[in-house]
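Colleague: I am new to this structure. Please take one part, look at it closely, and then show me what surrounds it.

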Amino acid sequence: MLDAHYYDQTCPQAETIILDTVRNAIVHDPKVPARILRMFFHDCFIRGCDASILLDSNPGNLAEKDGPPNISVRSFYVIDDAKAMLETACPHTISCADVIAIAARDVVAMSGGPYWTVLKGRKDGRVSKANDTINLPAPTFNVTQLIQSFAKRGLEVKDLVALSGGHTLGFSHCSSFEARLRNFSSVHDIDPSMNSEFAEKLRKQCPKTNKDHNAGKFLDSTSATFDNDYYKQLMEGKGVFGSDQALFGDYRTRWIVEFFAKDQSLFFREFASSMVKLGNVGVIENGEVRRKCRVVN
């Protein structure tokens, strides 16, 4: 069983060490919060929260981090740095999986979002396969596909809508939403669920022959601040991903979007409780504590 006080005796300074590392990283790179939050999500969604996303590929195995949806997950060095400090302070004690879970909470809180108590005691997995990343929810999913994907991990519709709000810190490259901007279907050039002025803006940012590999769009208009702006954007037809906008287009999720758009403190409470729930997915209690997060012991 995971426990809030898991390291109280063995490494009481663990959370402070992680917090300081994360804070220093953000000073140098403002993209760190979105990246760490996504790392936690992508880790827990594959084999449960077991830090399998941190393992490097080797000649015999292509690891999760090299699967197509994870190529753009960056900032692994933040977890490496925190882990190196922890190994000095309390050797072989804190799992890499717990470092990700704590860092994800810290980046949300530091960006103006809610703070919650992270339950600890996860162990690190030894298996990481790039092919498994096919199981991550795609930006093209409709609500039925999203609900099914989350249900497989024991997460409900409310968790789906709350955790999607993590996109308040996100950035997307053009490739993830381009299909909505041109030749969307035989009837519509542009995805009809998209605000037309917004679509025009995006078409300018993502021209047909796009030479700029960094081109893209922040997923809400206050991308450095964790807030409920994401939901307000959805209500205006300004969701960047089809899977985001779908949440407002479906009766099963629309009412929750409306609640979160109206009441930020409600969103914060629900986000925090869904993050705790996500952090419980597929927890291994008899694995190992990796000394270096990129390789098994």
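Modeller: I will start with the annotated positions and then work outward.

First, the ground rules. This is a predicted model, where local features need pLDDT of at least 70, side-chain atom pairs count only at pLDDT 80 or more, and totals for chains, interfaces and linings use all residues. Residues are numbered from 1 along each chain as its sequence is written, and side-chain values use heavy atoms, with hydrogens and water left out.

Begin with the record. An unreviewed UniProt entry puts the annotation "binding site" on His167. The entry also places the feature "binding site" at Thr168, Thr222 and Asp227. Those three are spread over 60 residues of sequence, yet they cluster in space, with a largest C-alpha distance of 7.9 Å. Treat the labels with care: UniProt positions follow the numbering used here, feature names are shortened, and annotations may be inferred rather than shown by experiment.

Now look at His167. This residue sits in the loop between α6 (157-164) and β1 (171-173). Helices (H or I, at least four residues) and strands (E, at least two) are DSSP runs, numbered from the N terminus. His167 counts as partly exposed because its relative accessibility is 25%. The scale is this: buried means under 20% relative accessible area, exposed means over 50%, and partly exposed lies in between (1.4 Å probe, protein chains only). Leaving aside neighbours within four places in sequence, His167 is in contact with Leu219, Asp220, Tyr230, Phe241 and Asp244. Contact means heavy atoms within 4.5 Å.

Thr168 lies in the loop between α6 and β1. Its relative accessible area is 0%, so Thr168 is buried. Not counting residues up to four places away in sequence, Thr168 touches Asp220, Thr222, Ser223, Thr225, Phe226, Asp227 and Tyr230.

Turn to Asp227. Its place is in the loop between β2 (216-218) and α8 (229-235). Asp227 counts as buried, at 11% relative accessibility. Beyond four places in sequence, the contacts of Asp227 are Thr168, Asp220, Thr222, Gln264, Phe267 and Phe268. One link stands on its own: the side chains of Asp227 and Thr168 make a polar contact (3.1 Å). Such a contact is a pair of N or O atoms within 3.5 Å; within protein, one must be able to donate a hydrogen and the other to accept it, and residues adjacent in sequence count only if both atoms are side-chain atoms.

Next, the helix that holds Asp244, a contact of His167. In α9, the buried residues are Gly242, Ser243, Asp244, Gln245, Ala246, Leu247 and Phe248. That makes helix α9 (residues 242-249) mostly covered, with 7 of its 8 residues buried. They pack against α5 (143-151), α6, α8 and α10 (251-262).

Now the aromatic rings. Rings of Phe, Tyr and Trp (its six-membered ring) pair if their centres lie within 6.5 Å; planes under 30 degrees apart count as stacked, over 60 as edge-to-face and the rest as tilted. By this rule there are 15 aromatic pairs. Take Phe226 and Phe268: their ring centres are 5.8 Å apart and their planes are at 50 degrees, so the pair is tilted. Phe226 lies in the loop between β2 and α8 and Phe268 lies in helix α11 (residues 264-278), so the pair ties together parts 42 residues apart in sequence. Both Phe226 and Phe268 are buried. Ring pairs also link Trp116, Phe226, Tyr230, Tyr231, Phe260, Phe267, Phe268 and Phe271 into a cluster.

Last, the nonpolar core. A core is a set of buried Ala, Val, Leu, Ile, Met, Phe, Trp, Tyr and Cys residues joined through side-chain atoms within 4.5 Å. The largest has 72 residues, and Phe40, Leu54, Ile79, Leu247, Phe271, Met275 and Leu278 touch the most other members. Helix α4 (residues 96-110) gives the most to this core, with 10 residues. Domain 1 (13-136) and domain 2 (143-276) both give residues, so this core lies between them. Those domain bounds come from an automatic or database domain assignment. A second, separate core of 12 residues includes Phe177, Leu181, Leu219 and Val240. Leu219 brings us back to the start, as one of the contacts of His167.
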